[in-house]
Amino acid sequence: MSLPVCSPVTGTTAPISEVPDPVFAQAMVGPGIAVVPSGGRADAVAPIDGVVVTLHPHAFVVAGEDGNAVLVHLGIDTVKQKGDGFTLHVVKGETVRRGQPIVNWDPEAVTEAGYSAIVPVVALDAQQSALAGIRPGVAVTAGEEIFRWTG
């Protein structure tokens, strides 16, 4: 099995180790990559086909048919914004397609509020060796493949 995982936002990829939160930087919940978003208000999109199993204004998890789940966290410490500036397009339990808008947000407003707007994209409970094609420092558009989950 090989699951393409796409960028939820437009920006530039960065090593997950550069995320200013040890939970993500040390891959405590799983390996992945981060995306430094470019531009202002935009939709964050589903990284894979699946079901939205967790949904908050600042973060969501989509689980694929095989049970593999991808976490997208829109910025760091953005839970403190209590949903302000985030607009949900789906509901928990909804089936989504890769590239489908999930949350509208404004990375520039997150930065202005004093938080990092970096977006960790994590293969939950995966082994690092199960991810292929991770390339930090690459410009990506929302919906473009950023790594492949194998195994």
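This report describes the overall build of one protein and then turns to a small sheet within its fold.

The structure is a predicted model, and the protein in it holds two helices and 14 strands. Its radius of gyration is 14 Å, close to the 15 Å that the globule rule gives for 151 residues, so the protein is as compact as a globular protein of that length. The C-alpha trace spans about 40 × 30 × 25 Å along the principal axes, and buried residues account for 47% of the 151 residues. Among contacts between residues at least 6 apart in sequence, 71% join residues that are at least 24 apart.

At the surface, the protein exposes about 6,800 Å², of which carbon and sulfur atoms supply 51%. The protein carries 8 positive and 15 negative side chains, and the centres of these two sets lie 3 Å apart.

One open sheet consists of three strands in the order E1-E14-E12, and the pairing in this sheet is antiparallel. Strands E1 and E12 stand at the edges with a single partner strand each, so one side of each is left without a neighbour in the sheet. In general, strands of a sheet pair through backbone hydrogen bonds, either parallel or antiparallel. Here two bridges join E12 to E14, and these two strands run antiparallel; within that pairing, Ala 132 has Arg 148 of E14 as its bridge partner.

The strands of this sheet cover the following residues.

| Strand | Residues |
|---|---|
| E1 | residues 2–6 |
| E14 | residues 145–150 |
| E12 | residues 131–132 |

Terms used. Residues are numbered from 1 along each chain as its sequence is written. This is a predicted model: local features need pLDDT of at least 70, side-chain atom pairs count only at pLDDT 80 or more; totals for chains, interfaces and linings use all residues. Side-chain values use heavy atoms; hydrogens and water are left out. Helices (H or I, at least four residues) and strands (E, at least two) are DSSP runs, numbered from the N terminus. The radius of gyration is taken over C-alpha atoms; the globule rule is 2.2 Å times the number of residues to the power 0.38. Buried means under 20% relative accessible area, exposed over 50%, partly exposed in between (1.4 Å probe, protein chains only). Contact means heavy atoms within 4.5 Å. Accessible areas come from the Shrake-Rupley method with a 1.4 Å probe; for residues, only the protein chains shown count as cover. Lys and Arg count as positive and Asp and Glu as negative; His and the chain ends are not counted. The place of a charge is taken as NZ of Lys, CZ of Arg, CG of Asp or CD of Glu. Two strands pair if DSSP finds at least two bridges between them.
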